[in-house]
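Biologist: Could you take a close look at the salt bridges in this predicted model, and say which parts of the chain they join? I would also like to hear about the cysteines.

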Amino acid sequence: MTGDILTLNAGSSSLKFAIFEAEQPDARPRISGKISGIGGAPVFSAKDAAGIALTSTQLAKLNPASSHEELIALLLDWVERHLGDRSLTMVGHRVVHGGRHFSQPVRLDDNVLRQLDELVPLAPLHQPHNLAAIRAVAKWLPDLPQIACFDTGFHRTQDPLATLFALPRALSDEGVIRYGFHGLSYDYIAGVLPDHIGAKAEGRVIVAHLGNGASMCAMQNRRSVATSMGFTALDGLMMGRRCGALDPGVVLYLLQSKGMDATQIEALLYQQSGLLGVSGISNDMRVLEDSDAQSARDAIDLYVYRAASTLAGLVPAIGGLDALVFTAGIGENSSHVRRAICDRLQWLGIGVDEAANDANEIRISSADSAIDVLVLPTDEEAVIAAACRTLMEP
């Protein structure tokens with residue numbers, strides 16, 4: 001009987017999954033899908049490798065407190081019925097924060113889980129759901145090996161100087177440093193980049209992971225040198241609901257003058273800010289681009305301004321720029337945002353081919369551009385599956 005790898009990316013409102021053949025390293029997933037709308041009436045959808053729908057089912061409303069456990073049970077049962085004569089050999093999970101202890105994928109056990117629990121305050125939107133999925137799988141299939149792949153791991157190649165805040169050394173020594181996130185996405189892009197720009201992939205590259213969560217990573221030799229996110233996934237770029245970089249004096253003002261407590265401030269910064277907060281309409285870039293409201297235009301303009309400024313600020317870390325890569329939901333799909341960011345960076349020698357950009361082609365730089373500009377879809381699941389195959393080896 002041949003085996004399959006199940007990858008899971010568990011969030012607060014969705015559970016993404018994919019099934020890969022363990023013995024086929026370069027193959028696309030046999031099955032992929034997600035359960036969306038967790039906390040309300042979830043929808044379970046899946047498709048095969050050819051993109052043919054296997055199911056799209058409205059599920060009964062679940063208790064949010066137990067939703068991951070129930071949904072994992074439902075998913076594992078569905079997967080088992082669709083494996084045919086194959087069996088699951090390992091489950092790989094995206095875990096957002098690995099802290100200082102975990103820079104590489106690791107097999108999960110009770111001791112590792114205890115250490116990951118301690119990192120929940122550093123990634124409150126993600127870590128609890130990542131760990132809930134791990135524990136749910138362990139409950140239903142206790143003998144199935146599980147591994148964790150960390151979004152912070154890719155950035156452990158950075159010089160220690162790039163990770164420091166200008167805070168007392170004692171705080172840095174206890175782990176108040178810049179970790180960086182979206183590492184699985186950057187790992188994938190780094191892996192496929194030579195296929196598109198050859199030896200230039202080893203040069204000075206900035207990857208812009210622009211989605212509901214957003215960050216940038218400056219790479220050299222396809223390794224992280226600097227990144228926009230820091231101690232938590234709240235820092236850096238303006239995002240769908242997160243504010244990004246913020247004067248810490250604003251937090252003191254909210255505490256001292258507005259009478260807000262830590263819970264209220266956390267909700268404001270993580271859930272009520274970003275595109276949603278500025279526009280007052282939506283955190284979805286597609287909705288804002290279709291809107292005629294001035295507040296929607298303001299939100300997009302601010303998003304672009306902050307992105308261009310952050311990108312320019314990363315260039316000194318790698319001493320110049322040879323290539324720029326857009327990825328993730330907004331980066332892959334919004335030609336307007338890509339063009340507007342690049343227009344602000346023409347002084348770097350960036351030129352965009354309007355037709356290629358509008359068509360979402362892979363290479364969107366103009367013939368006279370000094371810098372290659374690419375649009376590459378990311379694939380975090382493939383990175384997790386590859387890690388599973390490595391840890392399967394004796």
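Modeller: Searching the whole of this predicted structure gives 14 salt bridges, and I will go through three of them with care, beginning with a group that shares a network. Four residues, D4, E23, R30 and R86, are linked to one another in a network of salt bridges.

Within that network, the side chains of D4 and R30 meet with a nitrogen-to-oxygen distance of 2.4 Å. D4 belongs to strand 1, which covers residues 3-10, while R30 sits in the loop between strand 2 (14-21) and strand 3 (31-36), so this pair ties together parts of the chain that lie 26 residues apart in sequence. The surroundings of the two partners can be given as well: D4 is buried, because its relative accessibility is 0%, whereas R30, at 22%, counts as partly exposed.

The network also contains the salt bridge between R86 and E23, whose closest N and O atoms are 3.0 Å apart. Here again distant parts of the chain are linked, since R86 is found in the loop between helix 1 (67-82) and strand 6 (87-95), and E23 in the loop between strand 2 and strand 3, with 63 residues separating the two in sequence. R86 is buried, having a relative accessible area of 13%, and its partner E23 is partly exposed, with 37%.

A further salt bridge joins R135 to D117, the closest N and O atoms being 2.6 Å apart. R135 lies in helix 3 (residues 127-140) and D117 in helix 2 (residues 110-117), so the contact ties together parts that are 18 residues apart in sequence. In this pair R135 counts as partly exposed at 38% relative accessibility, and D117 likewise counts as partly exposed, at 32%.

As for the cysteines, the model holds zero disulfides. A disulfide is a covalent bond between the sulfur atoms of two cysteines, and the cut-off applied to that pair of sulfur atoms is 2.5 Å. The sulfur of C149 has its closest cysteine sulfur in C388, at 5.9 Å, and therefore the two are too far apart for a bond. Looking from the other side, the closest cysteine sulfur to that of C388 is the one in C149. Both residues lie away from the surface by the accessibility criterion: C149 counts as buried because its relative accessibility is 2%, and C388 counts as buried because its value is 0%.

Definitions and conventions. Residues numbered from 1 in each chain as written. Predicted model: local features only at pLDDT ≥ 70, side-chain atom pairs only at ≥ 80, totals over all residues. Heavy atoms only, no water. Buried < 20%, exposed > 50% of the residue type's maximum accessible area, 1.4 Å probe, protein only. Helix = DSSP H or I, 4+ residues; strand = E, 2+ residues; numbered from the N terminus.
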